[in-house]
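I opened this model to look up a few side chains and what they touch. The entries follow in the order I made them.

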Amino acid sequence: MPNARLAGRYAKSLLDLATEQGQLEAVYADMKYLHAVCQASSELVNVLRSPIIKADQKNSILTEVFKSKVGMLSNSFMI
């Protein structure tokens, strides 16, 4: 996310929600997995950054890539 301030707000919201729901460790593991996937796949990162690809298409891609790999809270937050 190019705006660090906005990214910080999203991260804080996710952490607060994960703590409230007792899923902090699971969300942390999900974010580590997401980071690893993005590090390994520059194609995925390019798709997500592309202004040509519509948001609903990006959501579909994220759903297919991560639906069975991350928890419901992390999945809901990404999409």
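**Lys67 and its contacts**

I started with Lys67, which touches Leu62 and Asn75 once residues up to four places away in sequence are set aside. The model is a predicted one, and I read every value below as computed from it.

I looked up where Lys67 sits: it is in the loop between helix 4 (55–66) and helix 5 (72–78). Its relative accessibility is 48%, so I enter Lys67 as partly exposed. I also took a C-alpha separation, and between Lys67 and Ile79 it is 10 Å, with the two positions 12 residues apart along the chain.

I then turned to the first contact partner, Leu62. Leaving out residues up to four places away in sequence, Leu62 touches Leu48, Lys67, Met78 and Ile79.

The other partner, Asn75, is in helix 5. I note Asn75 as buried because its relative accessible area is 18%, and the cut-off for buried is under 20%. Beyond four places in sequence, Asn75 touches Lys67 and Val70.

**Salt bridges**

How many salt bridges does a search of the whole structure find? I get 2.

One joins the side chains of Lys67 and Glu64, at 3.5 Å from N to O. Glu64 has 52% relative accessibility and therefore counts as exposed, the cut-off being over 50%. Lys67, at 48%, counts as partly exposed.

I also found the side chains of Asp16 and Lys12 meeting in a salt bridge, with an N to O distance of 2.9 Å. Both residues lie in helix 1, 4 residues apart, which is about one turn of the helix. For Asp16 I noted a relative accessible area of 40%, so Asp16 is partly exposed.

**Nonpolar core**

Which residues make up the largest nonpolar core? I list 7 in all: Leu34, Val37, Leu44, Leu62, Phe66, Val70 and Met78. Helix 2 (24–40) and helix 4 are the elements that give two or more residues to this core.

Leu62 is a member of this core and is also a contact of Lys67. Val70, another member, is touched by Asn75. I checked Phe66 as well, and the relative accessible area is 0%, so Phe66 is buried.

**Aromatic pairs**

I looked for aromatic pairs next, and the count comes to 2.

Tyr10 and Phe77 form an edge-to-face pair, with 6.1 Å centre to centre and 75 degrees between the planes. Tyr10 lies in helix 1 (residues 4–20) and Phe77 in helix 5, so this pair ties together parts that are 67 residues apart in sequence. I enter Tyr10 as partly exposed because its relative accessible area is 43%. Phe77 has 32% relative accessibility and so counts as partly exposed.

Tyr33 and Phe66 form an edge-to-face pair too, with 5.9 Å centre to centre and 90 degrees between the planes. This pair links distant parts of the chain, with Tyr33 in helix 2 and Phe66 in helix 4, 33 residues apart.

Are the two rings of this pair buried or exposed? Tyr33 has a relative accessible area of 32% and is therefore partly exposed, whereas Phe66, at 0%, is buried.

**Surface patch**

I searched for nonpolar patches on the surface and noted one of about 260 Å², made by Leu6, Tyr10 and Phe77. Tyr10 and Phe77 are thus entered twice in these notes, as an aromatic pair and as part of this patch.

**Leu14**

My last entry is Leu14, which lies in helix 1. Its relative accessible area is 7%, so Leu14 is buried.

What does Leu14 contact, leaving aside neighbours within four places in sequence? I find Val27, Met31, Leu73 and Phe77. For Leu73 I took the C-alpha distance to Leu14 as well: 8.6 Å, across 59 residues along the chain. Phe77, also on the contact list of Leu14, is the residue that pairs with Tyr10.

Conventions: Residues numbered from 1 in each chain as written. Predicted model: local features only at pLDDT ≥ 70, side-chain atom pairs only at ≥ 80, totals over all residues. Heavy atoms only, no water. Buried < 20%, exposed > 50% of the residue type's maximum accessible area, 1.4 Å probe, protein only. Contact = heavy atoms within 4.5 Å. Core = buried A, V, L, I, M, F, W, Y, C linked by side-chain atoms within 4.5 Å. Phe/Tyr/Trp six-rings, centres within 6.5 Å; stacked < 30°, edge-to-face > 60°. Patch = residues over 30% accessible without salt bridge, like charges linked within 9 Å, V, L, I, M, F, W, Y side chains within 5 Å. Areas by Shrake-Rupley, 256 points an atom, 1.4 Å probe, with all protein chains shown as cover. Salt bridge = Lys/Arg side-chain N within 4 Å of Asp/Glu carboxyl O.
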